[in-house]
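Me: I should like a close look at one part of this protein, namely its nonpolar interior. Please explain in connected prose how that part is built and how it sits within the chain.

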Amino acid sequence: RTAAYPILKKLVRQGFVSIFYKGTKRRYRAQQPEKLARTFNSRVQNFENIIPYLKSLEKQKTQAFGLRFIETKDELKRLYRDAIDAYAGKEYYIIGSAPAWEGIGPEFFQQFRKDRAKANIRTKLLLSAESKNIAPRDPQLLRNEKLLPAKYAFTSTIDIYPDQILIVSPGLAALAVVIAVPPMVDVFKSIFELLWDSIPENNV
């Protein structure tokens, strides 16, 4: 009995049980299933109504702190899917290792390249030398590539978007890091453009 009352009080707070009195005794009664269904449908609807507000808060938080850590492959895949919508019709830069990047999820990333092109997103890529044997050559993928000298070996990939940087590395404690700090984005863009201009065309 002593364990039952705290549980009943919790069920009352959650809306599963109601209280009524018979004489001086307190009684507990389970709510009707259809009433519970209406209650929880209403709660879900109320939550859905505030989702845009919550998303705006998340965006403000990202802008305020400038960092976001991606710890799972599913999170990373969601971020890439969101990037297709966010940067449709635009261009961004990539410095990376095609084998390491694609190795995180081969089927997903092979399809991602196609979906990215369908969204008319163009990319300039500076790839590690070992990428030569795996990077696709299909012009319909809207990729413009150059290879870095073989002595520069690495397994990370940096996506330099118009407003943020994504660093993906299987060797990090977190799988990836998003940096949304405008001055840093500008620096990475400038470094990429410097490297791009220093490497001859058609070296892939």
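Reply: In this predicted model, the largest nonpolar core holds 26 residues, and those that touch the most other members are L76, Y80, F109, F112, Y161, L166 and V168. Several elements contribute to this core: helices α3 (73-86) and α5 (106-118), together with strands β4 (91-96), β5 (122-127), β8 (165-168) and β9 (176-179), each supply at least two residues. Helix α3 gives the largest share, with 5 residues. A second core lies apart from this one; it has 13 residues, including Y93, I95, F192 and I199. As a general background, nonpolar side chains in soluble globular proteins tend to be buried together.

Y161 shows how one such residue is surrounded. If neighbours within four places in sequence are set aside, Y161 is in contact with Y80, A83, Y87, Y92, L166, V185 and K189. Two of these partners, Y80 and L166, are also named among the core residues that touch the most other members.

Helix α3 deserves a closer look, and L79 is one residue located there. The relative accessible area of L79 is 7%, and buried means under 20%, so L79 is buried. Beyond its neighbours within four places in sequence, L79 is in contact with R68, I70, L166 and V178. L166 therefore appears in the contact lists of both L79 and Y161. By contrast, the C-alpha atoms of L79 and G15 are separated by 37 Å, these two residues being 64 apart along the chain.

A separate part of the chain may be set beside this. R29 belongs to strand β2 (residues 25-30). Its relative accessibility is 48%, so R29 counts as partly exposed. Outside the four places on either side of R29, its contacts are F16, V17, S18 and F20. For S18, which is 11 residues away from R29 along the chain, the separation of the C-alpha atoms is 5.3 Å.

Two loop residues also merit attention for their backbone angles. In general, most residues other than glycine have a negative phi. N120, in the loop between α5 and β5, has a positive phi near 60° although N120 is not a glycine. L142 likewise has a positive phi, of about 60°, and is not a glycine; L142 is found in the loop between β5 and β6 (143-147). Their exposure may be stated as well: N120 is partly exposed at 42% relative accessibility, whereas L142 counts as buried at 15%.

Finally, these parts may be placed within the whole chain. The chain has 6 helices and 9 strands. Its radius of gyration is 26 Å, well over the 17 Å that the globule rule gives for 204 residues, so the chain is more spread out than a compact globule. The C-alpha atoms fill a box of roughly 90 × 35 × 30 Å along the principal axes. Of the 204 residues, 32% are buried. Among contacts between residues at least 6 apart in sequence, 60% join residues at least 24 apart. The accessible surface comes to about 13,200 Å², and carbon and sulfur atoms account for 55% of that surface. The chain carries 33 positive and 21 negative charges, whose mean positions are 16 Å apart.

Technical notes:
Residues numbered from 1 in each chain as written. Predicted model: local features only at pLDDT ≥ 70, side-chain atom pairs only at ≥ 80, totals over all residues. Heavy atoms only, no water. Helix = DSSP H or I, 4+ residues; strand = E, 2+ residues; numbered from the N terminus. Rg over C-alpha atoms; globule rule 2.2 N^0.38 Å. Buried < 20%, exposed > 50% of the residue type's maximum accessible area, 1.4 Å probe, protein only. Contact = heavy atoms within 4.5 Å. Areas by Shrake-Rupley, 256 points an atom, 1.4 Å probe, with all protein chains shown as cover. Lys, Arg positive; Asp, Glu negative; His and termini not counted. Charge placed at Lys NZ, Arg CZ, Asp CG, Glu CD. Core = buried A, V, L, I, M, F, W, Y, C linked by side-chain atoms within 4.5 Å.
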